[in-house]
Amino acid sequence: MTRLGDLERAVMDVLWDSVPGTSDGITVREVADALNGRELAYTTVMTVLDRLAGKGMVQREREGRAWRYRAAASREQYIAQLMLEALDLGGSRDAALVRFARSVTGTEAEVLRAALGAEADEAGPGGETLTDRVEAPPAGGNGRPDRAENAADR
């Protein structure tokens, strides 16, 4: 997963905040206008969007002479993937998960419990969940089998 620099993050925030998943996206000019206060050149914003497209973070579609951009994944999907990659940095995923679980607030813990409960309710034969089948993250050479491949093998 790509880590974002400050300007890349600002551009992604514009896309995440202003482009619904069903939208055709927004133009470079619209992104530049939304980055008010930064006084960036049009070409700078265009370069950042082009690089984000190259990294797979945004999708673009030609509209006349311009491109329309939208995020390739939601902000939540991006953050979840970063969290999974962070778990792979250490030696023990279990220890890191326990430490994380102990550090969340009461409200956050309730959200996690509800999500885990919903995940268990969605489980099909063999423990496969709807999330395993639908939202499998891309393979990343992280030493773990890809969830989509795992589900297909069952």
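These are my notebook entries on a predicted model of a protein chain.

**Confidence.** I started with the pLDDT. The chain averages 79, and 76% of the residues score at least 70. By element, helix H3 (residues 42-54) has the highest mean, 96, and helix H8 (residues 147-153) the lowest, 36. I then looked at residues 130-154, where the pLDDT is below 50; this stretch still has 28 contacts in the model beyond near neighbours in sequence. Where pLDDT is low, the predicted coordinates should not be read in detail. I left that part alone.

**H1 against H3.** Next I checked how helix H1 (residues 6-18) packs with H3: the angle is about 85 degrees and the axes are 10 Å apart. I put the pair down as roughly perpendicular, because the range for that word is 65 to 115 degrees. From H1, the contact uses Leu7, Glu8, Val11, Met12 and Leu15. H3 supplies Thr44, Val48, Leu49 and Leu52.

**Arg70.** I found this residue in strand E2 (residues 66-71). Does a buried or an exposed label fit Arg70? Arg70 is buried, yet it has no salt bridge. The nearest side chain of opposite charge is Glu61, at 4.2 Å, and the cut-off I used for a salt bridge is 4 Å. Leaving out residues up to four places away in sequence, I listed what Arg70 touches: Leu15, Val19, Ser23, Asp24, Gly25, Val58, Gln59 and Glu61.

**Glu39.** Last, I looked at a backbone angle. Glu39 has a phi near 50 degrees, which is positive although the residue is not glycine. I located Glu39 in the loop between helix H2 (28-34) and H3. Glu39 is exposed, with a relative accessible area of 77%.

Methods
Residues numbered from 1 in each chain as written. Predicted model: local features only at pLDDT ≥ 70, side-chain atom pairs only at ≥ 80, totals over all residues. Heavy atoms only, no water. pLDDT = per-residue confidence, 0-100. Helix = DSSP H or I, 4+ residues; strand = E, 2+ residues; numbered from the N terminus. Contact = heavy atoms within 4.5 Å. Buried < 20%, exposed > 50% of the residue type's maximum accessible area, 1.4 Å probe, protein only. Lys, Arg positive; Asp, Glu negative; His and termini not counted. Axes fitted to C-alpha atoms, helices over the stretch in contact; angles between N-to-C directions. Parallel < 35°, antiparallel > 145°, perpendicular 65-115°, else oblique.
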